[in-house]
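Me: I am new to this model and would like to learn how to read it, one feature at a time.

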Amino acid sequence: MLIEAVRTFARNELLEADRRWDTGDSSVREMLPALADMGMLSLSLPEDAGGLNCDMRTYAAIIRELAYASPSAAVTISVHSMTATHLAEFATAAWREEHLADCATADSLLAFAISEADAGSDAASTQTQATRVDGGYRVTGSKMWISNGACARWFMVLVRTDPDSERSAGLSALIVDGNESGVERDRIHGKMGIRGSDTVVLHLNDVFVPDDQLMGVEGQGLRVFLGALDEGRIGIAAQSLGIAQACVDEMVSYAAERVQFGKPIGRFQAIQNMIADSAVELEASRLLIDRAAYLVDAGRKNPMASSMAKLYASEAANRIAYRAVQVHGATGYVHECRVEQLYRDARVTTIYEGTSEIQRYVIAKELIEKGFVD
Ligand SMILES: Cc1cc2nc3c(=O)[nH]c(=O)nc-3n(C[C@H](O)[C@H](O)[C@H](O)COP(=O)(O)OP(=O)(O)OC[C@H]3O[C@@H](n4cnc5c(N)ncnc54)[C@H](O)[C@@H]3O)c2cc1C
């Protein structure tokens, strides 16, 4: 019922808005209250914080439905939900008691800040510095490409707490309050796609973070973040699936209506091949996502399965979006046609939350260590 309700809401309320966000200055921010009313900000919050505590398979289906209508809304909810899951698991009891339930509301959007100008795929080279002071830390540095950053209330931030420890050993996860003095956000303009999703550079200028906003244990921050990404990747895979499904639907309907050489182009085998290959890749993506989500639900977290789902679904979405434009010919090359936007929106899915090259690295490393696919 929830998935059906989200499908109806997304197609009726988000689709048109998303088209507007692609060309104007507005963003998914304007729909946050409606998304909160639908329960979209509480999907991964635990029940004792008033959340829906959604299982991963339902969650992935919801992200898919959002992405079908609005890839920007889908990534907004995915980033918020991934962060919420890890705040519920690693934030101190004091922080959870005071703030976790509020994360279901539009005023408490969450963001996840790991990337920096010189620390992209290589998160262990994080430079943002947290210095110990009485009662907490003072944090200075800049985080790049932060989704939800324009209006997020809470940021989960990877910082270096021990300047003398090299690489991951000196890293910790802190919760930074967006209302704290010294927090500045610069909106990034000119993105190729998902323009309705707010992306910022987050500047932290000597920001105070109290002790009870340390997540888990000092020095183990990278582990907290990488654990979050394992689940986050299922969200991005589901976003890719929603984009791909929208492309296939557009292709199929255009192939039936466009007439050339006296017949609908869907009668030509070359067009049928593009549709058939896309349908198979769509189904394969769905099955990989289902499997990765099932393993999380069964308590058998499996980074390789999440990486496989993310790698395959994101690459497939790009191939499918390419074919969708091809099937539409010149019509698909202009903004008026939705596939033009979907083609651009799909592009980021092979980049964020770990590039395709990094997913392959995760898969191969685990496989070589274990010697088999679990
Ligand atoms: C729209 C958008 C939203 C984003 N949202 C967030 C967010 O909310 N929070 C956040 O923290 N980050 C976010 N990011 C950042 C994103 O996660 C990074 O862009 C991504 O991790 C890749 O880092 P990079 O761009 O610095 O590329 P680099 O790491 O510089 O990589 C450049 C190229 O080199 C390849 N490469 C790098 N290392 C290796 C290796 N070891 N082996 C093989 N190839 C390699 C990469 O695959 C890529 O092709 C976002 C990015 C975008 C575009």
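Me: By class, how many nonpolar, polar and charged residues does the shell around the ligand have?

Reply: Some ground rules come beforehand: this is a predicted model, in which local features need pLDDT of at least 70 and side-chain atom pairs count only at pLDDT 80 or more, while totals for chains, interfaces and linings use all residues. Residues are numbered from 1 along each chain as its sequence is written. Ala, Val, Leu, Ile, Met, Phe, Trp, Tyr, Cys and Pro count as nonpolar, Asp, Glu, Lys and Arg as charged, and the others, Gly among them, as polar; on that scheme the shell has 12 nonpolar, seven polar and three charged residues.

Me: Which residues around the ligand come nearest?

Reply: A residue is near a molecule if its C-beta atom, placed from the backbone, lies within 6 Å of it. Of the 22 residues around the ligand, Gly-120, Ser-121, Trp-145, Thr-355 and Glu-357 come nearest.

Me: Why does the ligand lie between domain 2 and domain 3?

Reply: Domain bounds come from an automatic or database domain assignment. The ligand lies between domain 2 (110-219) and domain 3 (223-370) because both give residues to the shell around it.

Me: Is Pro-303 buried or partly exposed?

Reply: A residue is buried with 20 or more other C-beta atoms within 10 Å of its own, exposed with 12 or fewer, and partly exposed in between, the C-beta atoms being placed from the backbone. Pro-303 has 19 C-beta neighbours inside 10 Å, so it counts as partly exposed.

Me: With which residues is Pro-303 in contact, leaving aside its neighbours within four places in sequence?

Reply: Contact means that two C-beta atoms, placed from the backbone, lie within 7 Å. With those neighbours left aside, Pro-303 is in contact with Asp-230, Val-362 and Glu-366; the C-alpha atoms of Pro-303 and Asp-230 are separated by 5.4 Å, although the two are 73 residues apart along the chain.
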